[in-house]
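Welcome! Take a moment to turn the structure around on your screen, and then let us walk through it together.

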Amino acid sequence: MTTMLVDNTAAILLENILLAMEDECFSKDLSAKIVGGEGKLNKLIENGSIRFEKPTNKQNGKWFCKASDVLRHCARQKRIKRKKI
């Protein structure tokens, strides 16, 4: 595991993942879950940090956020400790 940090392999792998996800989209709900909430997602969209598309001009139309932008701004998730049986 330490070799990944020493020779910058982790950064290269992360960049490859983000490049592969450039053409993919997440729903608004999934994007909000990944970045840490709907409020934070709205702030990132207003700042232009996350690109989104709303193909229809209807009030209840679906939002699609660019997956690579969402993954760049993902929040740290708490691990759920499971009880050992």
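Let us start with a single residue, S68, which sits in helix α5, a helix that covers residues 67-72. Keep in mind that you are looking at a predicted model. Is S68 buried or exposed? With a relative accessibility of 0%, S68 counts as buried, because the cut-off for buried is under 20%. Which residues does S68 touch, once its neighbours within four places in sequence are set aside? The contacts of S68 are L18, M21, E22 and R51.

Now for the aromatic rings. The count of aromatic pairs comes to one. The partners are F52 and W63, and their rings are stacked, with 5.0 Å from centre to centre and 20° between the planes. These two values are the usual way in, since a pair of aromatic rings is described by the distance of the centres and the angle of the planes. The pair links distant parts of the chain: F52 belongs to strand β2 (residues 52-53), whereas W63 lies in the loop between β2 and β3 (64-66), and the two are 11 residues apart.

How well covered are the residues you have met so far? This table puts them side by side.

| Residue | Relative accessibility | Class |
|---|---|---|
| S68 | 0% | buried |
| F52 | 37% | partly exposed |
| W63 | 22% | partly exposed |

Let us step back to the whole chain. How many helices and strands does the protein chain have? There are five helices and three strands. Read from the N terminus, their order is α-α-β-α-α-β-β-α. The radius of gyration of the protein chain is 16 Å, well over the 12 Å given by the globule rule for 85 residues, so the chain is more spread out than a compact globule. Along the principal axes, the C-alpha atoms fill a box of roughly 50 × 40 × 20 Å.

What about the inside and the outside? Of the 85 residues in the protein chain, 20% count as buried, and S68 is one of the buried residues. The accessible surface of the chain comes to about 7,300 Å², and carbon and sulfur atoms account for 55% of that surface.

Two more values round off the picture. Taking contacts between residues at least 6 apart in sequence, 51% join residues at least 24 apart. Finally, the protein chain carries 17 positive and 10 negative charges, and the mean positions of these two groups are 13 Å apart.

Conventions. Residues are numbered from 1 along each chain as its sequence is written. This is a predicted model: local features need pLDDT of at least 70, side-chain atom pairs count only at pLDDT 80 or more; totals for chains, interfaces and linings use all residues. Side-chain values use heavy atoms; hydrogens and water are left out. Helices (H or I, at least four residues) and strands (E, at least two) are DSSP runs, numbered from the N terminus. The radius of gyration is taken over C-alpha atoms; the globule rule is 2.2 Å times the number of residues to the power 0.38. Buried means under 20% relative accessible area, exposed over 50%, partly exposed in between (1.4 Å probe, protein chains only). Contact means heavy atoms within 4.5 Å. Accessible areas come from the Shrake-Rupley method with a 1.4 Å probe; for residues, only the protein chains shown count as cover. Lys and Arg count as positive and Asp and Glu as negative; His and the chain ends are not counted. The place of a charge is taken as NZ of Lys, CZ of Arg, CG of Asp or CD of Glu. Rings of Phe, Tyr and Trp (its six-membered ring) pair if their centres lie within 6.5 Å; planes under 30 degrees apart count as stacked, over 60 as edge-to-face and the rest as tilted.
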